[in-house]
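Here is a short set of exercises to work through with the structure open beside you. Try each task before you read its solution.

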Amino acid sequence: MSRQSVRLFAFAVLPVLLAPLCRPQDQPKSVTVTVPGSAASTSNALFAKEGVIYEKISTVMHYDADGLGDKTLTVVARVQSEGAVHEAGLVTFAYASGEEHLEPVYVRVRKPDGSVVNTPATDAQDMPTEVTRQAPFYSDLREIQIPVKSLSPGDKLEYQMRYVRQKSTAPGQFWGALNFVRGNVVLEESVELSFPKDKYVLVLSPKDKPTIADENGLKVYRWKTSQLESTVGDSKKKDKPYDPDALPSVSWTTFRSWQEVGAWYGSLARDRAVVSPEVEAKAKELTQGKTTDDEKIEAIYHYVSTQVRYIGVAFGVGRYQPHSAETVLDNQYGDCKDKHTLLSALLKAAGY
């Protein structure tokens, strides 16, 4: 079980409508557990070679009408090998600090004799997420790492994390996606999604049918599944080829159409390609002495593509909203939408 195996993003960053373009939420990927009653011995014998078995993975999400809310992730897993102990001994959880707060509720080890060893929340280390350390990427994405105390083969690793959504990227809107764990043994996985029943929400789960209920003014969707195929030996579950067009197990959005998505994005980007005096002066400098359209456009394009450095910039709504063309010109760096905005403004300044 790698560090990625317990990496979990609180809220996916693109609407369901954009699901084919994004990677859904990561889910934990290893741990071992016993099945209640007579099924326990059968399960233990069947999965004896698994490094880890998930007894329980529970995700409970709630949104209010404004797009705020919370999510609670609860995991119970039995670790069965020294290798799994090594990799499960450090659990990592990613979150977007500009929009949400992450609260470790508990991290603990339950021994075969019933005794419990708690890892205090004060042991958690908060740091920039790995992608910001490995790539030119400025972001409010962070991760909490928690070193698990006293974990040994045969122990159960239990943890619960609560994500509190404090700011909405698009006021009044929310969206997200997640995949059920398919690559490891999972005895029981459940997902609960709730929101005000008079709020429009498109919920998709192409392969797993939910139960739907109205409870205390809320519309509540619930899914329950398991993955009981072994991942080792002759019965190893075969990995399916990667399908970039595959839909997430569960996805949801309050956007009704691509037109609504476009209107929202347009409101963020509309005033960013304004031709300021600085932009106009740069356009004149770049096109000076050029006589044809092709020459002028090529000069502008060459400048933006080679002289403005690509650096990812993703803070809050900045994941979607570009900086102004003047700011990008002054900084001499930006991400894809920033560079596009500068290119657009320079072309406008040149009369295109």
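**Exercise 1. Two paired strands**

Task: In which sense do β1 and β2 pair, and over how many bridges?

Solution: Let us begin with the pairing itself. β1 and β2 run antiparallel to each other and are joined over 11 bridges. Keep in mind that this is a predicted model.

Next, look at the turn. The hairpin of β1 and β2 has 5 residues between the strands, and G67 takes a positive phi near 90 degrees there.

Now pick a residue in the pair. I57 has V75 as its bridge partner in β2. I57 also has a bridge partner in β11, namely E189. That second partner belongs to another pairing: β1 (residues 52–63) and β11 (residues 186–196) pair in the parallel sense over 7 bridges.

**Exercise 2. From one pair to the sheet**

Task: Find the order of the strands in the open sheet, and say which strands stand at its edges.

Solution: Start from β2 (residues 69–79), a mostly covered strand with 10 of its 11 residues buried. β2 pairs with β9 (residues 156–165) in the antiparallel sense over 10 bridges. In that pairing, A77 stands opposite L157 of β9.

Then read off the whole sheet. It is open and built of 8 strands in the order β5-β4-β9-β2-β1-β11-β14-β13, with mixed pairing. The edges are taken by β5 (116–118) and β13 (211–215); each has a single partner strand, so one side of each is left without a neighbour in the sheet. On average, and with direction ignored, neighbouring strands of this sheet are turned by 15 degrees against each other.

As a reminder for this kind of exercise, strands of a sheet pair through backbone hydrogen bonds, and the pairing can be parallel or antiparallel.

**Exercise 3. A partly exposed glutamate**

Task: Which residues does E103 contact, leaving aside its neighbours within four places in sequence?

Solution: First locate E103, which lies in strand β4 (residues 100–110). Second, check its cover. The relative accessibility of E103 is 29%, and since partly exposed residues fall between 20% and 50%, E103 counts as partly exposed.

Third, list the contacts: Q160, M161, R162 and V164. One of these, R162, is 59 residues from E103 in sequence, yet their C-alpha atoms are 5.1 Å apart in space.

**Exercise 4. Another strand pair**

Task: What is the bridge partner of F93 in β8?

Solution: Begin with β3 (residues 90–96), where 6 of the 7 residues are buried. β3 and β8 (residues 141–147) pair in the antiparallel sense over 7 bridges. Within β8, the partner of F93 is I144.

**Exercise 5. The two faces of a helix**

Task: Where do the buried residues of α6 fall when seen down its axis?

Solution: Take the length first. α6 (residues 293–307) has 15 residues and reaches 21 Å from its first C-alpha to its last, close to the 21 Å expected at 1.5 Å a residue.

Now mark the buried residues, which are A299, I300, Y303 and V304. Seen down the axis, they fall within an arc of 120 degrees, so they line one face of the helix. The face turned away from that buried side carries the exposed residues D294, E298 and Y301.

Finally, see what covers the buried residues of α6: they pack against α5 (277–287), α7 (325–331) and α8.

**Exercise 6. A threonine in α8**

Task: Is T341 buried or exposed?

Solution: Locate T341 in helix α8 (residues 336–349). Its relative accessible area is 7%, and the cut-off for buried is under 20%, so T341 is buried. Other buried residues of α8 include L342, L343, A345 and L346.

Next come the contacts. Not counting residues up to four places away in sequence, T341 touches R272, A273, P322, H323 and A325.

To finish, follow the helix to its end. α8 has 14 residues and reaches 20 Å from its first C-alpha to its last, close to the 20 Å expected at 1.5 Å a residue. G351 follows α8, with a positive phi near 100 degrees.

**Exercise 7. The whole chain**

Task: How many helices and strands does the protein chain have?

Solution: The count comes to 8 helices and 18 strands. Of the 352 residues, 48% count as buried. Among contacts between residues at least 6 apart in sequence, 75% join residues at least 24 apart.

Methods:
Residues are numbered from 1 along each chain as its sequence is written. This is a predicted model: local features need pLDDT of at least 70, side-chain atom pairs count only at pLDDT 80 or more; totals for chains, interfaces and linings use all residues. Side-chain values use heavy atoms; hydrogens and water are left out. Helices (H or I, at least four residues) and strands (E, at least two) are DSSP runs, numbered from the N terminus. Buried means under 20% relative accessible area, exposed over 50%, partly exposed in between (1.4 Å probe, protein chains only). Contact means heavy atoms within 4.5 Å. The expected span of a helix is 1.5 Å times one less than its number of residues. The arc is that of the directions from the helix axis to the C-beta atoms. Two strands pair if DSSP finds at least two bridges between them. Axes are lines fitted to C-alpha atoms, for helices over the stretch in contact, and angles run from 0 to 180 degrees between N-to-C directions.
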